Amino acid sequence: MIGAAEIAVRLGLHPPTAEQRAVIEADPRGRSLVVAGAGSGKTETMANRVVWLLANGHVQVPEVLGLTFTRKAAGELAERVRERVAQLVAEGIAEIELDPLEAATVSTYNAFASAIYREHALLIGREPDAAVLGEASAWQLARSIVAASADPRLVELDASLDKVTGAVLGLSRALGENVADPRDVRAMAREFLAMHDLPIGAPRKRTPYDSFTAALGVVDALAPLLELAEAYAEAKRARGYVEFSDQVALALQICSAHPEVAVAHRERYRTVLLDEYQDTSVVQTRLLGTLFAGHSVMAVGDPDQSIYGWRGASAANLARFGRDFAAPADDAADASGGAVVYDLSTSWRNPRIVLDAANAIIEPLDSGIDKAPLAASPFATAGRLDCVWAETIDDEAELVARWFAARLGPEASSTAAKPRTGALLCRTFANVEVFTEALRRHGVPVHVLGVAGLLDQPVIADLVSTLRVLHDPTAGAELIRVLGGARWAIGPADLAALAGLARWLA
């Protein structure tokens, strides 16, 4: 057997830490859970795990499956694996023949589920080439169903058509993400609403039951919304449509009803790596458990970095990993399902003051699984933390821009040995433009990540307004923007006259 340390030396890599070596050399046939802190080098460690498995003959390149959340992360992991495998072959460490048509399968969770659905859709009476609804198309279909409904209970909701449409879409997707039966949700709502007559204190007086009374109205709205969500699902089925979120649930249905599909995947992939496991939803976890229970699986996650709770994910699934992937014979014998837990706690990208603050913040949190505190790397500096308080958002943007200009502005860049970069994290996009304008005034080059901020730019807002008017001539607010904007520049008096003419024509 070739150890991880020897492979690192022969490939010219940094020697792995004791924690990294334990993860890389984990049992190739067992289930392993890696609790990896922020900046702990998990992508590098996962790639080196694949190299170690290949070098010791445990798997062949096409027998490796890696799953993560974003296409960017999947591409990064795939590229890292390709580089390491090429180095492995070049150094003659393993007898591997690289076939350009064969590579490790690295994909996103949803793309993997989509491939299963499209390959086996006929097994459950579905069309494999069904059209996938985009966000706009899904909204239009759901809106048409809500608009056509004559349910008198919708009037009692006192909500706009668009708000009800959004609620129907959200409920439909939540049912799929949580593998929930609408009948069970109805039963829960009935039992919950049956408690509305309980004595909960005088009206208009704050009581410990305020959250319960507030929830009564929300739960009471479930009944009509559930019927609309079911009608929306039936409309998709009748027209041959699916959503991306549907494909995971349909893949689970295929694997549950046809165990031979799961057997084929276990034979195809001898080892499985699951990245960002703390953010997998209920339906994703059940699909993976159905496919790879009792198989060689390594999941990597951090309970303190879970960000997808709004769509059914829960960091608590890390604590359930062993049971979810246990072989049937292990369930009764071992509550952990035979899974071994490893830590990656050395943070390679943060100074000590940041790690001290992070450990203080996350210490009270409990996800049901032990986690080692974040530790500084041997190269970590003490770090520096600057705090300012501004009266207004404009003052804050000015202070931030000055701070960046001192480090990244023209004068700082001319004296730096190599270009420096920085990042400004905003909680919402609402004030992004205020900060970007302040940075540009101070000569700091800016690149905004994400597309949400685009809609606030005047030229984009004009374009969107024009498209909406072309699609719907009754879009009054957008029409006013187009006619009164820089292109047509129609003044207020003429706009008023046009409005009068429109009323007369109507």
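Student: How much surface does the protein expose, and what share of that surface do carbon and sulfur atoms supply?

Tutor: In this predicted model, the protein exposes about 29,200 Å², and carbon and sulfur atoms supply 57% of that area. Along its principal axes, the C-alpha trace spans about 90 × 65 × 60 Å, and the chain is built with 22 helices and ten strands.

Student: What percentage of the residues in the protein is buried?

Tutor: Of the 506 residues in the protein, 39% are buried. As for how the chain folds back on itself, among contacts between residues at least 6 apart in sequence, 76% join residues at least 24 apart.

Student: How should I read a single residue, and does Thr68 count as buried or exposed?

Tutor: One compares its relative accessibility with a cut-off, and buried means under 20%. Thr68, which lies in strand 2 (residues 64–68), has a relative accessibility of 1%, and therefore counts as buried.

Student: Which residues is Thr68 in contact with, leaving aside its neighbours within four places in sequence?

Tutor: With those neighbours set aside, Thr68 is in contact with Ala73, Ala74, Ser107, Thr108, Tyr109, Asp275 and Glu276. With one of these residues, Asp275, there is also a polar contact, made between the side chain of Thr68 and the side chain of Asp275 at 3.1 Å.

Student: Where is Glu437 placed, and how does its accessibility count?

Tutor: Glu437 belongs to helix 19 (residues 432–441). Partly exposed is the class between under 20% and over 50%, so Glu437, at 40% relative accessibility, counts as partly exposed. One can also follow the chain onward from Glu437 to Ala477, 40 residues apart along the chain, where the C-alpha atoms of the two residues are separated by 27 Å.

Student: How is empty space found in a structure, and what volume does the second largest pocket have?

Tutor: Rolling a probe the size of a water molecule over the atoms shows where empty space remains. In this structure, the second largest pocket has a volume of about 890 Å³.

Student: How many residues line the second largest pocket, and which lie nearest its centre?

Tutor: The lining of the second largest pocket holds 27 residues, of which Asn110, Glu177, Phe244, Ser245 and Arg311 lie nearest the centre. The elements that give two or more residues to this lining are helix 5 (109–120), helix 8 (161–177), helix 12 (244–257) and helix 14 (282–292). By residue type, the lining divides into nine nonpolar, twelve polar and six charged residues.

Methods. Residues numbered from 1 in each chain as written. Predicted model: local features only at pLDDT ≥ 70, side-chain atom pairs only at ≥ 80, totals over all residues. Heavy atoms only, no water. 1 Å grid on protein atoms, 1.4 Å probe; cavity = no way out; pocket = protein on both sides within 12 Å on 5 of 7 lines; lining within 4 Å. Points joined across faces, edges and corners; volume = space filled by probe spheres on them. Helix = DSSP H or I, 4+ residues; strand = E, 2+ residues; numbered from the N terminus. Nonpolar A, V, L, I, M, F, W, Y, C, P; charged D, E, K, R; others polar. Buried < 20%, exposed > 50% of the residue type's maximum accessible area, 1.4 Å probe, protein only. Polar contact = N/O pair within 3.5 Å; in protein donor to acceptor, adjacent residues only side chain to side chain. Contact = heavy atoms within 4.5 Å. Areas by Shrake-Rupley, 256 points an atom, 1.4 Å probe, with all protein chains shown as cover.
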